[in-house]
Every structure is written in C-alpha cells, then in structure tokens.
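Trainee: Please take one close look at the place where the ligand sits, and explain the terms as they come up.

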Amino acid sequence: MSFSFPTETIEEGGAKVVVPKLSAYVKMPQDYAPSKAPVFYNPVMELNRDLAVLALQAHQKLLGREVSVCEPLTGCGLRGVRFAVEVEGVRRVFLNDLKPEAAELAGFNAELNGVAERVEVANEDANLFLSRHAAPRKRFDYVDVDPFGPPVPYLDSAIRSLRNGGLLALTATDMAPLCGVHPRACLRKYGGKPLRTEYCHELAVRLLVGCLTMMAAKHAVGVKVLFSHSVDHYVRAYATVDYGARRADKSVKQMGYILHCFACFHRETVSGIVSPLKRACPSCGAKLSAAGPLWLGRIADKNCCSQMESEAKQRGLRQEKRILKMLSLVENGTEAPVTYYVVDKICDKLNLPVPALKKVVDRIEEAGFQAVPTHFNSRGIRTDAPADTVKEAITELAKQRK
Ligand SMILES: C[S@@+](CC[C@H](N)C(=O)[O-])C[C@H]1O[C@@H](n2cnc3c(N)ncnc32)[C@H](O)[C@@H]1O
Ligand SMILES: [Zn+2]
C-alpha cells in the first residue's frame, strides 16, 4: 500500500508498524514533528504505551476473562495494535481517529501485524464514537484516552462507554495549567486550583483524578485509582469505574484540598469539596495557599503495581530497567502520605549543602517516621514527618559534613 506522505517502518514492543517519517517534517530545529506529520506518531511515548500494555494485561488477568478495548484517539494505531498483539485475552480492539489518513494507517497497521480480524477501525469524532458504545453490551472493558493536551473533553463519554469495573486510562499533556503556570486554565478545565509547588506533578495527577471523580459521580459511578505516573511532559492515571451511587459518594468523600506554606514547607490536607477557610500556617504563622478541590485518595494500588512488575519482567521491553524502577517506586509509595519534600529545594532555601537522599531518608526514619523516595522527583521524599523534622534532618547532615 502506498501513502500520500513519507513513511517508514518501525518496531515497538511486539508490533511492527508503518508511521510517518518524522525527519521529513522537521524544517526548523524547534519544529515538533509528531504534530506536523499528517498522522500522529510520537516515538517518545513508547514508555507510556509500554505501561499501558502492562496495565491492560494486569487488568485482564484480574478480570479473568476476555476483554474489549478502545482507543478513541489512535493516531497511527500503534498503541491499539500493540494491545491486540501483546496482551493476552483481548477479544476485540476498537480504534478511532478523526483524521481519515490516521484511520487508514491504523487499519493498515492492524493488517500488517496479522490482527485485522480483531481490530475495528472507525473515523469519526471520539465523543461520537464513545457515545455510540455507551449502551449495554456495547461497552468496553478498557478505554485509553491519549489526546494532545487535556483528556477532559472526552471524560464524560469515556465514562459512559465503560462497563462496570472497566479501566479508564487518561493522559494529560497540558502541564502548564496542571502545574500552576496557568491556574485559571486549570480551574476552568479540571475544576480545581493548582499550585506551583515542588510537588506540582503529584498535584497534576490529583487534579486529573479529581476531575474524573466529579465527572463520574454525575453518572453515579465511583472510581479507584490503580496506577498513575508522571513523565517529562505529561501525567497519566489508570482508574477503574464502579457503578453505584454509594460508590460515587465514597469517591467524592476522597476529594479535598492541600494547604501549603511557601514560607516553611509545611503542608496539610483538608477533606471536603467546600473551600477551607483562609488559615495561617500552624508552624510559622504565614498564610497558607490552597490547591484543589482535588483527589486526596490513593493514586496507585499495590496489587496492580506488582502484577505490572511481573508482566514487565516477561516481555523484554526496550525500557525494562526504567519501567521496573518506576513501578517499584510507585508501589512503595502507595500507602505513603500525600505530597513529598524535595531535598534540594529545602537546601536551597536554608543555604545548606545537598546531602545524599538515602541519608535524609534514614535520618527521618531514625526520628520515628515513615520516609520513601518517589518516582515524581528523584530528589523527593514522601513522609509523615512534619516539615520541621525534615529540615532538622537535613541541617544535622550538613553539620556532620563540616
Ligand atoms: C496524541 S495523538 C494520539 C496518539 C496515540 N494515542 C498513540 O499512543 O500513539 C491524538 C490523536 O487524536 C486525534 N484527534 C484529535 N481530535 C479528535 C477528535 N475530536 N476525535 C477523534 N480523534 C481526534 C488526532 O488526529 C491524533 O491522531
Ligand atoms: Zn509555615
């Protein structure tokens, strides 16, 4: 088959697909080739797709039956074709893209990989496509919403298109709003206020899940987050949807605010949707800033992480080492407190030399608190210790160096 634009064949995971030849679309150094090409393909998202394969396989094994899968914004079809090729127990994959060239290429790639019989390709608006499946016996077990920017415009129809217990995967690439650079845009899109703190990537995940929670609640659907992560320019969340008003109420109860003190690093959480009254920092008296309403519940599930880990070890993925490290960090942090401290940020403020992360972790543990590293920041520590204890640990370590 010939295409009206330059193409090349690449391999990723267990799939071999034809994609636009990105080098043909870089005219200026600042050009972002994936969105200049007539069909979207971004090699940098391999890790995102790898983790999606692992999460879907973990979910399928948990369900213990064949599953139907949907990728409503598929681009060249690579993600969906990988689901069909690499994930056991996938009965059917539904791919869709608004661009006719993308739908055509996705169909071609399904054939190239010998999975065309199980892959159906459509060419319409994603919301229309999802809504056509929002009926009994037409719904999916897994929906992967991977757009440019926010996934919010597709949330409502994605929730409606999922079976009870189905898994929804969401990518958000609009990090400027989510990390507090454009707070008004975040409030508008996600219904929560961000904050430009050192743990803004965790806030981004919590704002995204918070938005999903409130949207799902309107349909009397509760959510449970199985896995989430942040990488470079995007965040990702995987959550199951559970039908029932009580389940929805339970999820809404996990919404709240994170209050942060920019003067002394103190932070605390307040449950509830109603905005907390303006408060002073209990540690230093400065005015606290608030992020939210957002999701204060767990942002990953231990069982899901360990199932994904065992799947990752069997596949020989190119980025296996990086994936296993991330999965183990996420797994170890599942029960850790909300937010994390960034050692370098504290050292900067206190004008102290930067100690090894492990030493700070050990010191906080010696003081009787929980302390674990986080995948969100290689210099971050999740702990139930108050900010003063973290600062003391760092100050003590600095003194020892003298
Ligand atoms: C970021 S790309 C998808 C990448 C793909 N999920 C992957 O893993 O390689 C987003 C895609 O959404 C498509 N798109 C944009 N708006 C759409 C809409 N309203 N309905 C369906 N597809 C749409 C674009 O054509 C593009 O191919
Ligand atoms: Zn304070």
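Mentor: What follows goes from the ligand outward to the pocket around it.

This is a predicted model, in which local features need pLDDT of at least 70, side-chain atom pairs count only at pLDDT 80 or more, and totals for chains, interfaces and linings use all residues. Residues are numbered from 1 along each chain as its sequence is written, chains are lettered from A and ligands numbered from 1 in the order in which they are written, and side-chain values use heavy atoms, with hydrogens and water left out.

Ligand 1 is surrounded by 19 residues, where a residue counts as near if one of its heavy atoms lies within 4 Å. The closest are Glu71, Asp97, Asp125, Ala126 and Asp146. By class, this shell has eight nonpolar, three polar and eight charged residues. Here Ala, Val, Leu, Ile, Met, Phe, Trp, Tyr, Cys and Pro count as nonpolar, Asp, Glu, Lys and Arg as charged, and the others, Gly among them, as polar.

Next come the polar contacts, pairs of N or O atoms within 3.5 Å. The side chain of Asp125 has an N or O atom 2.7 Å from a nitrogen atom of ligand 1. Backbone N or O atoms also take part: one of Ala126 lies 2.8 Å from a ligand nitrogen, and one of Leu98 lies 3.1 Å from a ligand nitrogen. On its own, ligand 1 has 610 Å² of accessible area (Shrake-Rupley method, 1.4 Å probe), and the protein covers 90% of it.

Ligand 1 sits in the largest pocket, meaning that more than half of its atoms lie within 2 Å of the pocket's grid points. A pocket is an open set of points on a 1 Å grid over the protein atoms alone, with protein on both sides within 12 Å along at least five of seven lines. The largest pocket holds about 590 Å³ of space, a volume filled by probe spheres set on the points. Its lining (residues with an atom within 4 Å of a point) numbers 33 residues, with Phe40, Leu73, Asp97, Asp146 and Phe148 nearest the centre.

Conventions: Polar contact = N/O pair within 3.5 Å; in protein donor to acceptor, adjacent residues only side chain to side chain. 1 Å grid on protein atoms, 1.4 Å probe; cavity = no way out; pocket = protein on both sides within 12 Å on 5 of 7 lines; lining within 4 Å.
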